[in-house]
Amino acid sequence: TNVRALPLWRRRIAPLLFIGIVVFLVIAVFGIVVAGKIINAKTPWPALGLDAPVAREKQLRTDGNALLKANRAPQAYQKFEELQRLAPKSPYAQKMMVQLNAIRQQEELSKQQLAQAQQKFTEGVALYDAKKYVESIVLFRETLAINPNDVNAAEYMKLAEQQEEQRLASRAARRATTQQRQTTAANTATARDT
């Protein structure tokens with residue numbers, strides 16, 4: 001068992017030969033790694049442990065979140081509803097369904113409020129056309145309280161206020177004229193009597 005005593009063990013290897021062997025081994029390892037990557041890129045990963053339902057759940061979650069970010073709540077609701085059917089005990093799916101239900105209720109409430117604002121605006125226009133400016137101003141203010149972005153209601157309210165101011169000014173002018181006539185008539189009657 002005295003293997004080290006053999007003459008080949010005492011012989012030195014040329015440095016170029018040693019470096020060549022090391023380079024060859026490094027290139028061989030690198031080639032094996034590259035070949036493995038190429039094979040993995042072409043081969044699907046069925047052995048990852050993700051069976052079809054889990055992969056579908058992941059896809060639904062990803063799609064639903066993307067739709068939420070794009071402000072498309074109805075489509076996101078459908079995705080999370082399907083996710084909840086696939087995974088009824090998933091806390092994430094339950095949380096998202098609660099959140100989406102709240103969004104849907106808010107949108108429905110907004111639609112109802114906008115319909116109510118439109119109805120008040122229509123009634124206000126009818127009163128404005130009937131020259132009932134005070135009542136129309138009240139309805140236009142209610143419309144703007146519900147929907148502050150309604151430009152038409154703001155414009156009609158401004159017009160109704162101007163018309164009411166003109167009506168009040170003309171009424172005051174008529175009263176002043178009537179009082180002036182009465183004062184003049186009284187002064188004339190008093191002057192005749194004396």
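In the predicted model, K131 is exposed, with a relative accessible area of 60%. This residue is placed in the loop between α5 and α6, where the backbone takes a positive phi of about 65° although K131 is not a glycine. Most residues other than glycine have a negative phi. K131 follows just after α5. A second residue of this kind is N71, which has a positive phi of about 60° and likewise is not a glycine. N71 is found in the loop between α3 and α4 and is exposed, at a relative accessible area of 73%.

The confidence of the prediction was examined for the protein and for its elements. The average pLDDT of the protein is 85, and 90% of the residues score at least 70. Among the elements, the lowest mean pLDDT, 65, belongs to helix α1 (residues 7–10), whereas helix α2 (residues 15–42) has the highest, 91.

Helix α5 comprises 39 residues. At 1.5 Å a residue, α5 should span 57 Å, and the distance of 57 Å between its end C-alpha atoms agrees with this expectation. The buried residues of α5 are A93, M96, M97, L100, A117, K120, F121, G124, V125 and Y128. These buried residues pack against α3, α4, α6 and α7. T122 is also in helix α5, but T122 is partly exposed, with a relative accessible area of 45%. The C-alpha atoms of T122 and L139 are 9.0 Å apart in space, while the two residues are 17 residues apart in sequence.

Helix α7 (residues 151–193) has 43 residues. The expected span at 1.5 Å a residue is 63 Å, and the end C-alpha atoms of α7 are 63 Å apart, in agreement. Within α7, A153, M157, A160 and E164 are buried. The buried residues of α7 pack against α5 (91–129) and α6 (133–146). Packing between α5 and α7 is thus recorded for the buried residues of α5 and for the buried residues of α7.

E164 of α7 also takes part in a salt bridge, in which its side chain meets that of R167 at 2.6 Å, N to O. Both residues lie in helix α7, 3 residues apart, about one turn of the helix. An α-helix has 3.6 residues a turn, so residues three or four places apart point the same way. The two partners are unlike in their exposure: E164 counts as buried because its relative accessibility is 10%, under the 20% cut-off, whereas R167, at 32%, counts as partly exposed.

A search of the whole structure finds 5 salt bridges. One of them joins R56 and E82, with the closest N and O atoms 2.8 Å apart. This pair links distant parts of the chain, since R56 is in helix α3 (residues 52–69) and E82 in helix α4 (residues 73–86), 26 residues apart. R56 counts as partly exposed at 32% relative accessibility, and E82 is partly exposed as well, with a relative accessible area of 25%.

Another salt bridge is formed by K79 and D63, the closest N and O atoms being 4.0 Å apart. K79 lies in helix α4 and D63 in helix α3, so the pair ties together parts that are 16 residues apart in sequence. K79 is partly exposed, with a relative accessible area of 25%, and D63 is partly exposed, with a relative accessible area of 23%. Helices α3 and α4 are therefore linked through the K79 and D63 pair, and R56 and E82 likewise lie in α3 and α4.

A nonpolar patch was identified on the surface. The patch is formed by I13, L17, F18, I19, I21, V22, V23, F24, L25, V26 and I27, which together have about 1,100 Å² of accessible area. F18, one of the patch residues, is placed in helix α2. F18 is exposed because its relative accessible area of 51% is over the 50% cut-off. Helix α2, in which F18 is found, is also the element with the highest mean pLDDT.

How values were computed: Residues numbered from 1 in each chain as written. Predicted model: local features only at pLDDT ≥ 70, side-chain atom pairs only at ≥ 80, totals over all residues. Heavy atoms only, no water. pLDDT = per-residue confidence, 0-100. Helix = DSSP H or I, 4+ residues; strand = E, 2+ residues; numbered from the N terminus. Patch = residues over 30% accessible without salt bridge, like charges linked within 9 Å, V, L, I, M, F, W, Y side chains within 5 Å. Areas by Shrake-Rupley, 256 points an atom, 1.4 Å probe, with all protein chains shown as cover. Buried < 20%, exposed > 50% of the residue type's maximum accessible area, 1.4 Å probe, protein only. Expected span 1.5 Å × (residues − 1). Contact = heavy atoms within 4.5 Å.
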